[in-house]
Amino acid sequence: MTILVPVKRVVDPYAKVRPLGDGSGIDTTGVKFEINPFDEIAVEEAVRLREKNPAIQIVVVSIGGAECEEQLRKALAMGADKAILIETSHVYDSLGIAKELEAVVASVQPSVVLMGKQATDDDCNQAGQMLAARLDWPQACFASKVELGAEKATVSREADLGVETVEMPLPCVITTDLRLNEPRFVALPGIIKARSKPLERIAPKTTSAPKTRTVKMESPSARSAGRKVASVEELVAELKNRGALST
Amino acid sequence: MSKIVGVAFSPSDVAGIQSFAAALGVPFDVIQIVGSPVLDAGAGTVFAAQLSDLSPADGIASGVHQAASGYSHIVAVSSMASKDVLARLAGLLDCAMVTDVIAAQSTTVFQRPVVAGTIIQTVEVLAEPVVLTFRPAGFPKQAPAGQSAVAPFSVPASKVTITQAAHKTGGRPDLTQASVVVSGGRPLKDAASFESIIGGLADALGGAAGATRAAVDSGIAANELQVGQTGKIVAPDLYIAAGISGSTQHMAGIKDSKLIVAINKDPDAPIFEVADLGLVADLYEAIPAIRALLGK
């Protein structure tokens with residue numbers, strides 16, 4: 001059984017980033033790049049599933065420039081068996097990513113695609129569902145627990161009202177939420193050791209033009225600071241003045 | 001010729017769809033999945049499935065796909081359910097999707113937050129139809145209007161079986177719809193303190209309780225109470241942040257609130273830079289004192 005885990009290279013989610021002066025994109029000068037945290041959770045989950053079932057093979061895939069090798073190597077160091085880099089400078093929207101992944105699925109033939117629910121750079125939350133639609137596979141998004149049988153997956157997922165549990169036949173797409181697991185720390189020797197694992201570079205299969213275009217990136221209008229009140233009494237009086245305590 | 005169909009995952013979404021359609025100046029129909037059809041929001045037709053609970057995403061997406069021809073925009077209020085279904089729908093329609101729209105400049109140019117709300121992206125949709133989710137806080141509420149026609153809507157079978165449904169805990173309003181939200185962070189120590197202090201004030205104000213990621217991670221609060229970039233996005237009339245320092249990720253979830261009140265022991269907490277009213281105090285003393293003053 002193969003689990004395919006797509007990983008995206010994103011700006012460090014804890015770094016403070018700004019738009020470029022001309023609004024054409026995000027200024028990444030001096031900013032570190034990481035595996036999208038939700039994708040890292042997906043890699044970790046795949047490794048844990050393999051700990052229970054050694055027959056599982058884990059393939060990680062990334063789409064982008066040669067620099068994405070850094071994130072793929074980290075995923076290999078965490079325990080993935082093989083990496084694929086779709087090396088391209090093409091600009092994709094989520095639909096384009098889903099189409100590229102569809103082609104990878106056709107060649108890798110995974111039973112499960114396990115991926116982050118959203119990337120922390122574009123915050124889209126789209127690609128997993130789009131891929132599932134294109135494959136006509138069932139999906140379970142925002143997973144907080146995953147159990148994998150020979151023919152079905154049981155997933156607890158974070159819905160609006162709380163956690164629900166679903167069952168679906170394989171093959172399927174599962175997207176990860178924050179509390180599925182805590183990814184392991186990989187020390188430098190592990191990353192160096194992972195250099196001997198296979199990393200295949202391939203060309204993109206699709207070159208469809210994106211259906212959206214970024215017009216501009218800008219800083220949001222800042223919320224201005226209000227004022228500090230001196231006491232609970234003053235706070236409650238001020239809330240009453242502003243009509244904020246109508247209930 | 002533009003025409004919107006809004007997918008309502010709860011009855012209260014219908015008013016949000018009305019607001020969004022008004023902002024675009026485009027007529028609209030509604031596909032309402034759960035509950036009795038809402039017919040006074042100015043929709044042409046409400047296609048109502050009248051389910052008692054949400055069914056899995058793949059079935060709903062197929063049903064909307066079959067009904068979507070003739071519409072330029074397929075839209076929904078941002079929620080876990082709408083992102084689950086509408087992104088799948090965009091895959092079926094082979095069309096673009098824009099997530100979490102906060103403003104519309106035209107029927108094809110939208111603004112949305114990226115990188116935890118630290119940057120606003122203006123995005124142009126280059127082909128119709130387009131699928132999008134929007135945050136209702138950015139679109140002014142409209143008055144009840146007209147009497148919509150009602151028609152049935154059937155949700156096709158799913159490959160997914162819900163074996164255990166999500167149950168709403170307690171009687172508090174939904175976080176994303178409450179007019180008052182009281183949130184707590186790590187200083188709450190444990191689940192019992194969270195419930196009595198944060199939950200207690202929320203109940204006194206008729207509001208919802210929320211939490212930071214740190215509070216949820218440490219088991220103080222339930223997952224679905226997390227407010228922030230990767231949790232719920234809220235925009236209540238009053239947001240009270242107690243023992244919350246104000247990380248970028250948390251701020252991404254609250255900055256559209258009308259009035260933000262921060263209560264924190266640390267006078268240098270970043271939350272004070274954005275709060276309308278700040279009180280430097282220990283929440284264990286301040287919150288009971290607030291309740292005493294309110295007589296609740």
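# Exercises on a two-chain model

With 296 residues, a compact globule would have a radius of gyration near 19 Å, and chain B, at 20 Å, agrees with that. Keep in mind as you work that this is a predicted model.

## Exercise 1: Chain B as a whole

Describe chain B by its span, its helices and strands, its buried share and its contacts.

**Solution.**
- Step 1. Start with the outline: the C-alpha trace of chain B spans about 60 × 40 × 35 Å along its principal axes.
- Step 2. Next, look at the elements: chain B holds 7 helices and 16 strands.
- Step 3. Turn to burial: 58% of the 296 residues in chain B are buried.
- Step 4. Finish with the contacts in chain B that have a separation of 6 or more: 63% of them are between residues 24 or more positions apart.

## Exercise 2: A covered strand and its neighbours

Find out how many residues of strand β4 of chain B are buried, which way they point, and which strands β4(B) is joined to.

**Solution.**
- Step 1. Locate β4(B) at residues 73-77; 5 of its 5 residues are buried, so count it as mostly covered, where buried means that 20 or more other C-beta atoms lie within 10 Å of a residue's own.
- Step 2. Recall a general pattern: in a regular strand, side chains alternate between the two faces of the sheet.
- Step 3. Now sort the residues of β4(B): B:H73, B:V75 and B:V77 point one way, while B:I74 and B:A76 point the other way, and all are buried.
- Step 4. Look for one partner: strand β1 of chain B, residues 4-8, runs parallel to β4(B) and is joined to it by 3 bridges. Here B:V5 stands opposite B:I74.
- Step 5. Look for another partner: β9 of chain B, residues 130-134, is also parallel to β4(B), with 5 bridges between them. In this pair B:A76 has B:T133 as its bridge partner.

## Exercise 3: Another strand of chain B

How many residues of strand β15 of chain B are buried, and which strands pair with β15(B)?

**Solution.**
- Step 1. Strand β15(B) covers residues 259-264, and 5 of its 6 residues are buried.
- Step 2. Strand β14 of chain B (residues 238-242) pairs with β15(B) in the parallel sense over 5 bridges. You can find B:Y239 opposite B:I260 there.
- Step 3. Strand β16(B) is parallel to β15(B) too, joined by 4 bridges. The bridge partner of B:I263 in β16(B) is B:L279.

## Exercise 4: A sheet that includes both chains

Trace the open sheet of 10 strands from one edge to the other.

**Solution.**
- Step 1. Read off the order: β13(A)-β7(A)-β6(A)-β1(A)-β8(A)-β12(A)-β9(A)-β10(A)-β11(A)-β11(B), with mixed pairing.
- Step 2. Identify the edges: β13 of chain A (199-202) and β11 of chain B (161-164) each pair on one side only.
- Step 3. Check the twist: neighbouring strands are turned by 35° against each other on average, direction ignored.
- Step 4. Add the helix: α4 of chain A (residues 127-135) packs on the sheet and touches β8, β9 and β12 of chain A. The direction of α4 makes about 85° with that of β9(A).
- Step 5. Zoom in on one pair: β9 (residues 139-148) and β10 (residues 152-159) of chain A run antiparallel and share 5 bridges. Within the pair, A:V146 stands opposite A:V155.

## Exercise 5: Where the chains meet

What makes up the side of chain B that touches chain A?

**Solution.**
- Step 1. Count the residues: 71 of chain B are in contact with 64 of chain A.
- Step 2. Find the main supplier: α3(B) gives the largest share of this side of chain B, 9 residues. Elements that each supply at least two residues include α2, β8 and α7 of chain B.
- Step 3. Sort by kind: the side of chain B that touches chain A has 42 nonpolar, 16 polar and 13 charged residues.
- Step 4. Look for strand pairing between the chains: β14 of chain A (residues 212-218) and β8(B) pair in the antiparallel sense over 6 bridges. A:E218 stands opposite B:I120.

## Exercise 6: The nonpolar cores

Which residues have the most contacts inside the largest nonpolar core?

**Solution.**
- Step 1. The largest core has 117 residues, and A:V5, A:V60, A:A75 and B:A90 have the most contacts inside it.
- Step 2. The largest share of this core, 9 residues, comes from α3(B).
- Step 3. Follow B:A90: beyond its neighbours within four places in sequence, its contacts include A:L95, A:M130 and B:V131.
- Step 4. Finally, a second, separate core has 59 residues, among them A:L239 and B:I233.

Notes. Residues numbered from 1 in each chain as written. Chains lettered and ligands numbered in written order. Predicted model: local features only at pLDDT ≥ 70, side-chain atom pairs only at ≥ 80, totals over all residues. Pairing = 2+ DSSP bridges. Axes fitted to C-alpha atoms, helices over the stretch in contact; angles between N-to-C directions. Contact = placed C-beta atoms within 7 Å. Nonpolar A, V, L, I, M, F, W, Y, C, P; charged D, E, K, R; others polar. Core = buried A, V, L, I, M, F, W, Y, C linked by C-beta atoms within 7 Å. Buried ≥ 20, exposed ≤ 12 C-beta atoms within 10 Å, placed from the backbone. Rg over C-alpha atoms; globule rule 2.2 N^0.38 Å.
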